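Trainee: Could you take me through this model one feature at a time, giving the general idea before the particular case?

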Amino acid sequence: MRILHLADLHLGKKLNDLSLIQEQEYFLNWVLELLEEREIDSLILAGDIYDRSVPPGEAIRLLDHFLTQLVELDKAVFIIPGNHDSAERLAFAAEVLKAKKIFIAGRSPEFLERYILEVKGLKVCFDLLPFLRAVDLLRLDPEAKLLSSEAAVQASLEKNPPPPELPAVLLAHQFVIGSALAPELGKSERAYVGPADQISAELFAAYDYVALGHIHRPQAVGRETCRYAGAPMPFRFGEEMIVRSCPIIEFSAGSKEPKIELVEIPQSRKMISKTASFKEIKELLLSGSPEAIELQEAYCEIVLTDRTVPDRAFASLKESLPYLINLRFVGLGTKTGSIPTESPDKLSLLDLFSSFYLENTGLELEAPLRARLKQEIAIFESGECREECDH
């Protein structure tokens, strides 16, 4: 039996105001081709299917189309909700979908849901554990005093140990550490530092493969058969150099030890951060060189080294860079109508906001917006806003 492990799709995600839906559709189409080419029997989606609990319509339609294609290919699908998903919304029509071999966790009172998949006489146990928070422990143990994610996961697993006679796969979406080592985090993830969020990989010793989601960098945790699939694409600058891959897990008759193959995921659009002066960037874009074309076709971040902010910097670059996401400055040092150099405690609220806006957008506040902001700050400082809120 061959199983493809994916996680952290974050369907519907945007980079600033630019939707990633086309890149996500490209990826899912590639997955469908891979499933056929490699004769993969089942697919794991280990949480964060959507980027937020109330996903946009285009993300729902994309997942609907993907699942429909999987049904036509006669592939079994196992899905758990992550911390970005709404378990209730994701599990909509879950009972109906079971008839089509699409299994979605999220409704069990003990959290863990178990399914046995048989392919060509080989049976494999799939245990689906949705994302658990420390407070979820109270549903399993109302008398619990010390709440933690690890205790919640442990309580759920202890109530439902996997059958020892079958190869067992666990789907989980948690912050799992191996020994004393935490997994490597990408820049798009929140850094979990508290012990209440950490879960030891040793809790999963009874499983032959642990399919993890939550961390966006693909990696093994504790052992090779306990793995984060990672996100299929970078979601922030600084992650573009991470090689994206997905594991294919294969179980054979007579053995509970799986073989694991990592397949590199192709990217439909690059993510590039370019550092130079404004003049150098404009000259590059006018050159029509391969580097310029690559930059124009990529999600890009421009880091300007200029000592002052060029006029209409962001808007000017956006004309030639349709996928420009971010504009930053690293060389600002003089005032000349740009970012103030005074100590922040000597600046007015209006000047502080204006400098923040300028630093992050490369644009000066337009007169009408500046006038409106000045009016709102005056109301705030007069106390009228607080008086209205009190009533």
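Mentor: We will go through the sheet, the helices, a pocket, the cysteines and one serine, keeping in mind that this is a predicted model.

Trainee: In what order do the 6 strands of the open sheet lie, and what is the pairing?

Mentor: One reads an open sheet from one edge to the other. Here the order is E6-E5-E4-E1-E15-E16, and the pairing is mixed. The edge strands, each pairing on one side only, are E6 (102–104) and E16 (259–264), and from one strand to the next the twist averages 20°.

Trainee: In which sense do strands E1 and E4 pair, and over how many bridges?

Mentor: E1, residues 2–6, and E4, residues 42–46, are paired in the parallel sense over 4 bridges; within E4, it is serine 42 that stands opposite isoleucine 3.

Trainee: Which strands do helices H1 and H2 lie across?

Mentor: For each helix, one looks for the strands and then for the angle. Helix H1, residues 21–37, lies across E1, E15 (245–250) and E16, and it runs at about 165° to E1. Helix H2, residues 57–72, lies across E4, E5 (76–80) and E6, in this case running at about 145° to E5.

Trainee: How should I read a pocket, and what volume does the second largest pocket have?

Mentor: The general idea is that rolling a probe the size of a water molecule over the atoms shows where empty space is left. The second largest pocket has a volume of about 390 Å³, and of the 17 residues that line it, Leu63, Asp64, Leu67, Phe92 and Leu97 lie nearest its centre.

Trainee: Which element supplies the largest share of that lining?

Mentor: The largest share comes from H2, with 6 residues, while H2, helix H3 (87–90) and E6 each supply at least two residues of the lining.

Trainee: How many disulfides does the structure hold, and are cysteine 246 and cysteine 300 buried or exposed?

Mentor: A disulfide is a covalent bond between the sulfur atoms of two cysteines. The structure holds 0 disulfides. Cysteine 246 is buried, because its relative accessible area is 1% and buried means under 20%; cysteine 300, with a relative accessible area of 0%, is buried as well.

Trainee: Is serine 200 buried or exposed, and which residues is it in contact with, leaving aside its neighbours within four places in sequence?

Mentor: Serine 200, found in strand E11 (residues 198–200), has a relative accessible area of 17% and is therefore buried, given the limit of under 20%. Once the neighbours within four places in sequence are left aside, serine 200 is in contact with Glu150, Val176 and Ile177.

Notes
Residues numbered from 1 in each chain as written. Predicted model: local features only at pLDDT ≥ 70, side-chain atom pairs only at ≥ 80, totals over all residues. Heavy atoms only, no water. Disulfide = S-S within 2.5 Å. Buried < 20%, exposed > 50% of the residue type's maximum accessible area, 1.4 Å probe, protein only. Pairing = 2+ DSSP bridges. Axes fitted to C-alpha atoms, helices over the stretch in contact; angles between N-to-C directions. Contact = heavy atoms within 4.5 Å. 1 Å grid on protein atoms, 1.4 Å probe; cavity = no way out; pocket = protein on both sides within 12 Å on 5 of 7 lines; lining within 4 Å. Points joined across faces, edges and corners; volume = space filled by probe spheres on them.
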